[in-house]
Each structure stands twice: as structure tokens, then as C-alpha cells.
Amino acid sequence: RDETKCFDEVLKVNQEFQSLFGRGYPPVEAYRCDDAEVVVVMSGSAVGTCRYVIDSLREQGHRVGLVKLKLFRPFPREFIRNILGQSKRVAVIERDISVGQCGIFYQEIKWALNTNIEHKFIPIYGFIAGLGGIDITPKLIEKAILYTIMEPPPRHEILWLGLDNEEIRDEYD
């Protein structure tokens, strides 16, 4: 398949780059996911902020982890399944939205985890934040993670963060 060829090439180039420069850029990067019950999926500049929040919540006893999505097309379905397949809940925090639908990462992760699966159904919480260049702050990330930990799976495919009329109520502030 073309998808398999593409991934093989990405991994090959990453390995060559790593051998030359001592660092690599895999398609998906896991952070503190080994024993995580809740895993956050993000990409881009907010990932560093999320690492800080993950560490802080770990100190409070929450078993949370982070997946940094670095490659979107072709979607790294098997990488996602391998990392997230054992988690109890997944929180996807993203800056994009497909008009009239949900977040693009959320949609792909939902498809990857809950189609043709051999494991239990994993609830996925889709958060939209940072639209229009608004910062995704540690407070917003923590709010999304605590909501994912404490609330039942959402009825809606979009949970808004950082808006005046947001879906997530103030008890997570």
C-alpha cells in the first residue's frame, strides 16, 4: 500500500537523520504514557505547555500522559493504536475544526481507535482551543484534563475551551 510505503520512507529518513545528528523526529512522540489512564493528544507549540501540566498533575497523583502528533497525512493509525490502546480515556486538544463537524485530529483518532479494534471502546473527548491565535494556557489544558478524568463521555463531539460561553463549566477553573 502507498500508506505503508510512505511510513517506511518516513521512518527510514528519520533513522538516517538520527544517525547523522543524534536526534530524531518520529511521526508520533509519547510522553509519560506507559501507565497513563488518560492520554492527551496535541500538536504544535502547546505541547511544551502540556508537558508542564502533565508533570504537575502527575505530582498530584493523576496518571496522565501526552502524545505529540507530528505527522498527519497519512494518518499514523497504528502508532496511535499502539500508544493509546491501553488508556481509559483520551483528550484531544486542538486548534483546528472542520466547519460543521468536529476537530480534525479528534475525528481521525476516533476512527483509528474505535474501528476494526480488538480492545475495549475508548471514550474520546474533543476540545477546541486557541482559535484566532488565542493562547492555550496551562490553566486551559489542566481544565480539559480534569474534565476528561472526572466527567462521563461527552454528548457532543466538540468541547470548547477559552470562550465566554464555553461547554466546560467553572468547577474546573
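Let's start with a pair of helices. Helix 3 and helix 4 are roughly perpendicular to each other. This is a predicted model, so please keep that in mind throughout. Here are the figures behind the statement. Helix 3 covers residues 77-84, and helix 4 covers residues 104-114. Their axes come within 9 Å and cross at roughly 70 degrees. That angle falls in the 65 to 115 range, which is why we call the pair roughly perpendicular.

Who makes the contact? From helix 3, the residues are Arg-77, Ile-80, Arg-81 and Leu-84. From helix 4, they are Ile-109, Trp-111, Ala-112 and Leu-113. Sort them by class and you get six nonpolar residues, two charged and no polar.

Stay on helix 4 for a moment. Glu-108 lies in this helix. Is Glu-108 buried or exposed? Its relative accessible area is 13%. Buried means under 20%, so Glu-108 counts as buried. What does Glu-108 touch, once neighbours within four places in sequence are left aside? Phe-72, Arg-73 and Phe-75 are in contact with Glu-108.

Now the sheet. Six strands form an open sheet, and the pairing is mixed. The order is 1-3-2-4-5-6. Strand 1, residues 28-31, and strand 6, residues 159-160, stand at the edges. Each has a single partner strand, so one side of each is left without a neighbour in the sheet.

Helix 5, residues 138-150, packs on this sheet. Helix 5 touches strand 2, strand 3, strand 4, strand 5 and strand 6. Its direction makes about 155 degrees with that of strand 4.

Let's walk through some of the pairs. Strand 2, residues 38-42, runs parallel to strand 4, and four bridges join them. Val-38 has Arg-89 of strand 4 as its bridge partner. Strand 4 itself spans residues 89-94, and five of its six residues are buried.

Next, strand 4 to strand 5. These two also run parallel, with five bridges between them. Ala-91 is partnered by Tyr-125 in strand 5. Ile-93 stands opposite Phe-127 of strand 5.

How enclosed is strand 5? Five of the five residues are buried, so strand 5 is largely enclosed by the rest of the structure. Look at which way they point. Ile-124, Gly-126 and Ile-128 go one way, while Tyr-125 and Phe-127 go the other way. All of these are buried.

Then on to the edge. Strand 5 and strand 6 pair in the parallel sense, over two bridges. Phe-127 stands opposite Leu-159 of strand 6. The bridge partner of Ile-128 is Trp-160, also in strand 6.

Last stop, the N-terminal helix. Helix 1 takes in residues 2-21, which makes 20 residues. How far should helix 1 span? At 1.5 Å a residue, the expected value is 28 Å. The end C-alpha atoms are 28 Å apart, so the two agree. Just after helix 1 comes Gly-22, with a positive phi of about 80 degrees.

To recap, briefly. We have helix 3 and helix 4 crossing at roughly 70 degrees. We have an open sheet of six strands, with helix 5 packed on it. And we have strand 5, with five of its five residues buried.

Terms used:
Residues are numbered from 1 along each chain as its sequence is written. This is a predicted model: local features need pLDDT of at least 70, side-chain atom pairs count only at pLDDT 80 or more; totals for chains, interfaces and linings use all residues. Side-chain values use heavy atoms; hydrogens and water are left out. Axes are lines fitted to C-alpha atoms, for helices over the stretch in contact, and angles run from 0 to 180 degrees between N-to-C directions. Angles under 35 degrees count as roughly parallel, over 145 as roughly antiparallel, 65 to 115 as roughly perpendicular and the rest as oblique. Contact means heavy atoms within 4.5 Å. Ala, Val, Leu, Ile, Met, Phe, Trp, Tyr, Cys and Pro count as nonpolar, Asp, Glu, Lys and Arg as charged, and the others, Gly among them, as polar. Buried means under 20% relative accessible area, exposed over 50%, partly exposed in between (1.4 Å probe, protein chains only). Two strands pair if DSSP finds at least two bridges between them. The expected span of a helix is 1.5 Å times one less than its number of residues.
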